[in-house]
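Colleague: Thanks for sitting down with me over this one. Could you take me through the model, a question at a time?

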Amino acid sequence: MTPRSIRHFAMLGLGLIWGLLCGVILPATPLQILELGVQDSLMRQRGPQPPPSEILLVSIDGQIAAMPQTRPLAQTATTIDFFPDRANYASLVLRLLAAEAKVVVLNLPSGFGFPQSVGVEDLDTPLRQVVQQHADRLVLTAYASRAYNLPLPQLPIYNHFLPFTATAEYQVRPETVQGFVEFNPDADSQVRRASLVGDFIRGDNLQVQTFGSAAVLALEKAARRELPVHRGSAQFNFWGPVGSFASLPIESLCLPNARVTCSSSADLAVLERVRNKIVLVGFTGGYPEAFPSRTPFDNAMPAVEVQANLLASLMTHWFYQKLPAWLGAAIVLSGSIAISWQLATGEAKSGRWLPGRGLVLNLGLSGGYVALSLLAFGQRLILPLALPLLAWVGTAVSVTVCLLVLRQQRQMAQQQRELERLQLAEREAVRYQARKLLYRVATDIHDRQLQDLKLVMDLVETLQLEHPDLVVDPILDKLERIGRGIRNELNNARSLAAKLGVTPALRAGLHRGIQIELQHLGESGELTLKVLQDIQPLTEPQSDSAWIDAREDIFRFFREATTNVLRHAQPPHGTATQVLVSLRQKGSRCTLMIENDGQKVGEEAGSKQSRSGYGTKAMNTIAAELPDGFWRRLPLAGGGVRVELIWTLRTEPH
């Protein structure tokens with residue numbers, strides 16, 4: 001598999017990771033609130049909708065509404081402690097049904113869940129009689145609750161409001177008149193979905209039984225038929241904030257009086273508003289049993305208004321449908337993989353790939369999906385929006401950043417290769433110049449000095465012929481030796497220029513080249529001193545041409561220093577008995593040392609010359625060209641000389 005293919009699949013892996021994170025993992029965490037928040041925002045942006053006119057609320061809010069001047073009690077009272085007993089509810093239901101309300105839904109106080117009597121008087125009788133007479137137009141609500149030790153929600157049963165036969169059988173069965181209401185007392189929770197039909201554990205006998213929602217039961221009684229509703233929860237519509245539905249205060253229908261239960265008769269105009277309506281009676285502001293819930297429009301919508309929204313959704317068939325979880329995850333995954341695929345493919349095919357490509361692609365895909373989601377929301381279909389956008393933006397950004405980093409690395413590698421080629425070309429040019437220089441020097445010496453020397457020798461021969469008694473043999477012999485030496489040096493220079501390159505012995509390392517050279521000197525008889533070796537391998541960068549060139553110079557320095565030992569310290573030229581050769585490295589600092597224990601014969605006379613000769617100049621040049629390099633010649637206290645070359649060895653090619 002090529003590196004490009006590896007990068008390609010790595011980019012696809014990033015898209016897959018983002019898709020799994022936002023399409024599978026995050027929906028199962030509290031971060032799902034992001035998606036729900038977007039849905040709420042869409043509903044608020046849609047704005048309030050006119051609810052069905054067939055729904056009317058009768059609110060019990062704890063305050064007396066303004067009444068006509070003919071009703072002095074309404075002007076003097078400040079608060080209402082209305083409906084402390086159950087007869088008031090019976091009177092209210094009768095009054096509403098007499099005004100031709102289709103169905104009355106009573107949200108009873110939680111205290112009504114238990115029977116009540118005073119002495120021998122049964123206080124539940126009035127409401128039980130109303131249930132017996134008007135069960136087909138009356139719905140009693142009960143709030144379901146969950147217990148930690150029960151598998152299903154528990155629903156209280158109003159047996160004390162239901163009529164029985166003499167044989168203790170129901171005349172009106174609970175499921176025909178009693179509907180459940182789901183609510184969450186946690187103020188931070190938000191109502192979005194509601195169950196229409198569900199199984200509950202009855203509070204009276206702990207048996208499992210199916211009940212319908214109070215809204216479903218009310219609509220069935222208003223339509224005089226059973227509605228085809230499904231089990232489970234439905235995403236119903238909220239029509240607006242609190243007050244969107246038509247409502248009447250309780251005082252306009254039934255003003256409380258200490259002497260007369262539900263006294264006063266309502267105005268005809270008020271009663272006319274009740275005609276042919278489904279009336280929901282419940283607590284609103286001022287009572288804790290309003291059970292407010294958060295909705296997209298309000299932070300405290302009473303439970304009776306939540307019922308009204310659900311009932312309106314049932315009447316208009318306005319329910320929002322959500323995609324199955326697997327389909328939402330598939331959308332997120334496919335989008336993330338498509339983005340990463342397109343970005344990686346574009347980068348692989350085109351060398352002119354730009355970072356803006358990822359932004360444009362992501363904006364195009366995200367914008368198209370947002371438009372599709374808005375259209376679907378208008379058709380009452382909820383598509384996941386927040387998590388797909390998060391996944392796709394994260395995929396585009398992460399893949400783009402990775403591609404930018406990879407491109408930068410490739411550019412840096414390309415620049416490095418170009419720099420290496422430039423350095424190689426420069427070194428080759430320097431070597432070529434060195435060859436030309438050596439050839440030029442050899443040619444100049446041959447054409448000038450050697451020619452002059454030949455003329456001098458010819459002149460001496462002429463003098464010898466013209467003056468036979470002149471003794472010139474010593475001069476001729478010396479001149480001949482000089483001539484041969486010059487020619488040998490020139491031949492060596494030509495050979496060096498022709499064979500300029502890496503010394504074969506140094507390919508195994510500087511330490512190995514020094515060892516081979518010492519062995520060769522000993523076997524050839526040139527070096528007769530005892531040789532002590534402390535030679536350690538260096539951490540040489542094998543592929544660094546600069547080091548290879550420097551290694552040649554260091555080896556040349558070693559040979560020059562060894563030659564000095566042979567010519568000036570080894571008998572018969574000196575008194576040395578041994579020579580120590582050391583090569584060490586400490587960190588990046590390296591030291592080459594050649595030490596002998598002898599003295600040169602006539603050292604005082606020749607010391608100045610020895611320090612200013614050709615060998616010394618060459619050693620100075622070599623040391624100056626090494627990284628942080630220098631060399632020194634140190635006389636030893638007991639006699640002898642130590643020569644040290646010190647430099648910095650760079651372990652990384654440059």
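**Salt bridges, cores and a buried lysine**

Modeller: Gladly, and let me begin with one acidic residue: D122 has a relative accessibility of 30%, so this residue counts as partly exposed. Please keep in mind that this is a predicted model.

Colleague: Good start! Which residue forms a salt bridge with D122?

Modeller: A salt bridge here needs a side-chain nitrogen of Lys or Arg within 4 Å of a carboxyl oxygen of Asp or Glu. For D122, the closest N and O atoms of the pair are 2.7 Å apart, and the partner is R128.

Colleague: And how many salt bridges does the count come to?

Modeller: Some of them join into a network, made up of E100, E272 and R275. By the same 4 Å rule, the count of salt bridges comes to 10.

Colleague: Let's look at R642 and E595. How many residues apart are they?

Modeller: These two form a salt bridge, with 2.7 Å between the closest N and O atoms. R642 sits in strand β19 (residues 641-648) and E595 in strand β17 (residues 589-596). The pair therefore links distant parts of the chain, and the separation is 47 residues.

Colleague: Of that pair, is E595 buried or exposed?

Modeller: R642 has a relative accessible area of 25%, so R642 is partly exposed. The cut-off for buried is under 20%. E595 has a relative accessible area of 17%, and therefore counts as buried.

Colleague: Which strands hold E644 and R632?

Modeller: The side chains of E644 and R632 meet in a salt bridge, at 2.7 Å from N to O. E644 is buried, with a relative accessible area of 9%, whereas R632 is partly exposed at 37%. The pair ties together parts that are 12 residues apart in sequence, because E644 lies in β19 and R632 in β18 (residues 630-635).

Colleague: Now for the interior. Which helix gives the most to the largest nonpolar core?

Modeller: That core has 44 residues, and those with the most contacts inside it are L96, V104, L106, V274 and V281. Elements supplying at least two residues each include β1 (55-60), β2 (103-106), α5 (125-134) and β5 (138-143), along with α8 and β12. The element that gives the most, with 6 residues, is α4.

Colleague: Which residues does L96 touch, beyond those up to four places away in sequence?

Modeller: L96 is among the residues with the most contacts inside the largest core. Leaving out residues up to four places away, the ones that L96 touches are A101, V104, L253, V274, V279 and V281.

Colleague: How many residues does the second core have?

Modeller: This core is separate, and its members include L196, W239, F245 and M301. Its size is 43 residues.

Colleague: One puzzle left: K277. How far away is the nearest side chain of opposite charge?

Modeller: K277 lies in the loop between α8 (268-274) and β12 (278-283). Setting aside neighbours within four places in sequence, K277 is in contact with S53, E54, I55, L56, A101, K102 and V103. K277 is buried yet has no salt bridge, and the nearest side chain of opposite charge, E272, is at 7.6 Å.

Colleague: Finally, what share of the protein's residues count as buried?

Modeller: The protein has 18 helices and 19 strands, and its accessible surface comes to about 35,100 Å². Carbon and sulfur atoms account for 57% of that surface. Of the 654 residues, the share that count as buried is 41%.

Technical notes
Residues are numbered from 1 along each chain as its sequence is written. This is a predicted model: local features need pLDDT of at least 70, side-chain atom pairs count only at pLDDT 80 or more; totals for chains, interfaces and linings use all residues. Side-chain values use heavy atoms; hydrogens and water are left out. Helices (H or I, at least four residues) and strands (E, at least two) are DSSP runs, numbered from the N terminus. Buried means under 20% relative accessible area, exposed over 50%, partly exposed in between (1.4 Å probe, protein chains only). Lys and Arg count as positive and Asp and Glu as negative; His and the chain ends are not counted. Contact means heavy atoms within 4.5 Å. A nonpolar core is a set of buried Ala, Val, Leu, Ile, Met, Phe, Trp, Tyr and Cys residues joined through side-chain atoms within 4.5 Å. Accessible areas come from the Shrake-Rupley method with a 1.4 Å probe; for residues, only the protein chains shown count as cover.
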